[in-house]
Amino acid sequence: MVAFAVVAAPAIAQTPAPSAATGGVSGVAPTVATLTGTVNPHGVATRYFFQYGPRGLSKRTASVAVGSGTDPVQISQQVSDLQPNKLYAYRLVATSDGGTVMGARRDFRTPRESAVTPVVSTGSATNVADTGATLNGAINTRGATGTYQFQYGPSRQYGASTPAAPFGPTTNGTAISSPVGSLAPATTYHYRLVFQPSSGRAVLGRDRTFTTTRIPNGLLIEAKPNPVRYGAGIQVAGVLAGSDNSGVGITVQADTFPFDGNWQNVASGRTDPTGAYVIAVSPMISSSQLRTVAATRPQVISQLTTVGVRLGVSLRVNRHPRRGARVRFRGHVTPSQDGAAVSIQRRVRGTYRTIARTRVNGSSYSRRVRIRSSGRYRALVRPTDGSHVSGNRSRLIRVR
């Protein structure tokens, strides 16, 4: 009888599973938070992701490779689709050929959206030239989403703006730049950065200025009055320098808001024996950039000048109310500015101070205000876009 020896099968080494430890949460804002944790691959190629959600763990982040090392690795991922004032659960998940491991379940609550205010900083202008510049700034939305734009113009009323662009959410200062063109040479411009959250009031950066450089021009231009009331006319004047400058045809061209380079001929005239010209342009119904073109060979084109058109504002009010009576301020706005902000103001020591606010409904406004003192009062209407500048109408009220 032949005996057979029994040989044991070699043991197969088991692939180690990764380990996952759910960490804390940082940068918590109304719509954004950063989830953290620790993953140890234990020598096997490993990937990780977070599960999260307000009701269960129904959402997950993208899967990210963490390598195949043998030491713990600190990891983090930002989630930006959260809702304000909600309790969220989350946990870290690590997976490899050794298996899938889930970290402990933890939770956090997002703050109310009104509890934080975005931070907006207007930076210095760069690349300043005769007709253009680059406007800079930074925004920390503190978890909010919305749009940003730069407002700019020859005064603190601005009158022009860059297109509104979507932005956020962020939890630190993010640099922003926007080029602007079609500026007037040798002109001081005011500008500021504005962030409009998806809900709530706009956050304004501080006003700053820059001055465009001068350019040598053979044709000068000036427009008066500026700004001009809606529907009124202006005079465009200037001088054509150089020889043979008498009796030269001058064409006035206008590019209305939003200043997209669509120049239109609006008036014409000729220079006098000294090269000077004065040309009437009427009516002005929208803020415009103007230039003049001389019929010389080659053509000479003037620098640009921007003319703001004030909103037409009427004001009806009882001029002799009793002290402490509620007085109705009402009027119309031309052209229609539905939703435009209206400030009822009283002049105090040479400065107008706001005492009440309302908005334009279609083309009219109305607001009752309790009047206790005699003085000059006005209604100031701010436009809804850069096609016009603020208009106002004042009245002297004497209480009995």
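This note goes through the strands, three individual residues and the ring contacts of a predicted model.

1. Open sheet. Three strands form an open sheet in the order S1-S2-S6, and the pairing is antiparallel. S1 and strand S6 (73-79) are the edge strands, each pairing on one side only. From one strand to the next the twist averages 25 degrees. As background, strands of a sheet pair through backbone hydrogen bonds, in either a parallel or an antiparallel sense.

2. Register of S2 and S6. Strand S2 covers residues 33-40 and pairs with S6 in the antiparallel sense over 7 bridges. Within this region, Thr 38 stands opposite Gln 74 in S6. Thr 38 also appears in the contact list of Ser 19, a residue of strand S1.

3. Ser 19. This residue lies in strand S1, which runs over residues 19-26. Is Ser 19 buried or exposed? Ser 19 is partly exposed, because its relative accessible area is 28%, and the partly exposed class lies between the 20% and 50% limits. Leaving aside neighbours within four places in sequence, the contacts of Ser 19 are Thr 38, Val 39, Asn 40, His 42, Ala 94 and Val 101. With His 42 there is a polar contact between side chains, at 3.4 Å. As a long-range reference, Ser 19 and Ala 202 are 183 residues apart in sequence and 46 Å apart in space, C-alpha to C-alpha.

4. Strand S3. S3 spans residues 46-53, and 7 of its 8 residues are buried, so the strand is largely enclosed by the rest of the structure. S3 pairs in the antiparallel sense with strand S7 (residues 87-96) over 8 bridges. S3 also pairs with S5 over 3 bridges, again in the antiparallel sense. With S4 the antiparallel pairing of S3 has 2 bridges.

5. Tyr 48 in the pairing. Which residues are the bridge partners of Tyr 48 in S5 and S7? In S5 the partner is Val 64, and in S7 the partner is Ala 94. Ala 94 is also one of the contacts of Ser 19. Tyr 48 itself is buried.

6. Hairpin of S3 and S4. These two strands form a hairpin with 5 residues between them. Gly 56 is in the turn and has a positive phi of about 75 degrees. On the strands, the bridge partner of Tyr 52 in S4 is Lys 59.

7. Lys 59. The residue is placed in strand S4. Lys 59 counts as partly exposed because its relative accessibility is 31%. Apart from neighbours within four places in sequence, Lys 59 is in contact with Phe 50, Gln 51, Tyr 52 and Asp 81. Lys 59 and Tyr 90 are 31 residues apart in sequence, with a C-alpha to C-alpha separation of 9.2 Å.

8. Thr 61. This residue is in the loop between strand S4 (59-60) and strand S5 (64-67). Thr 61 counts as buried because its relative accessibility is 9%, and the limit for buried is under 20%. The Thr 61 side chain has two polar partners to check. One is the backbone nitrogen of Phe 50, reached at 2.9 Å. Another is the side chain of Gln 77, in a polar contact of 2.5 Å. Beyond neighbours within four places in sequence, Thr 61 is in contact with Phe 49, Phe 50, Tyr 52, Gln 77 and Val 79.

9. Aromatic pairs. The structure holds 9 aromatic pairs. In one of them, the rings of Tyr 48 and Phe 50 have centres 6.5 Å apart and planes at 85 degrees, so the pair is edge-to-face. Both Tyr 48 and Phe 50 are buried. Elsewhere, ring pairs link Tyr 88, Tyr 90 and Phe 108 into a cluster. Tyr 90 is the residue whose C-alpha is 9.2 Å from that of Lys 59.

10. Charges over rings. How far is the charged end of Arg 291 from the centre of the Trp 263 ring? The distance is 4.1 Å, and the charged end of Arg 291 sits over that ring. The charged end of Arg 378 sits over the ring of Tyr 352, also with a distance of 4.1 Å from the ring centre.

Note on methods:
Residues numbered from 1 in each chain as written. Predicted model: local features only at pLDDT ≥ 70, side-chain atom pairs only at ≥ 80, totals over all residues. Heavy atoms only, no water. Helix = DSSP H or I, 4+ residues; strand = E, 2+ residues; numbered from the N terminus. Buried < 20%, exposed > 50% of the residue type's maximum accessible area, 1.4 Å probe, protein only. Contact = heavy atoms within 4.5 Å. Polar contact = N/O pair within 3.5 Å; in protein donor to acceptor, adjacent residues only side chain to side chain. Phe/Tyr/Trp six-rings, centres within 6.5 Å; stacked < 30°, edge-to-face > 60°. Lys NZ or Arg CZ within 6 Å of the ring centre and 35° of its normal. Pairing = 2+ DSSP bridges. Axes fitted to C-alpha atoms, helices over the stretch in contact; angles between N-to-C directions.
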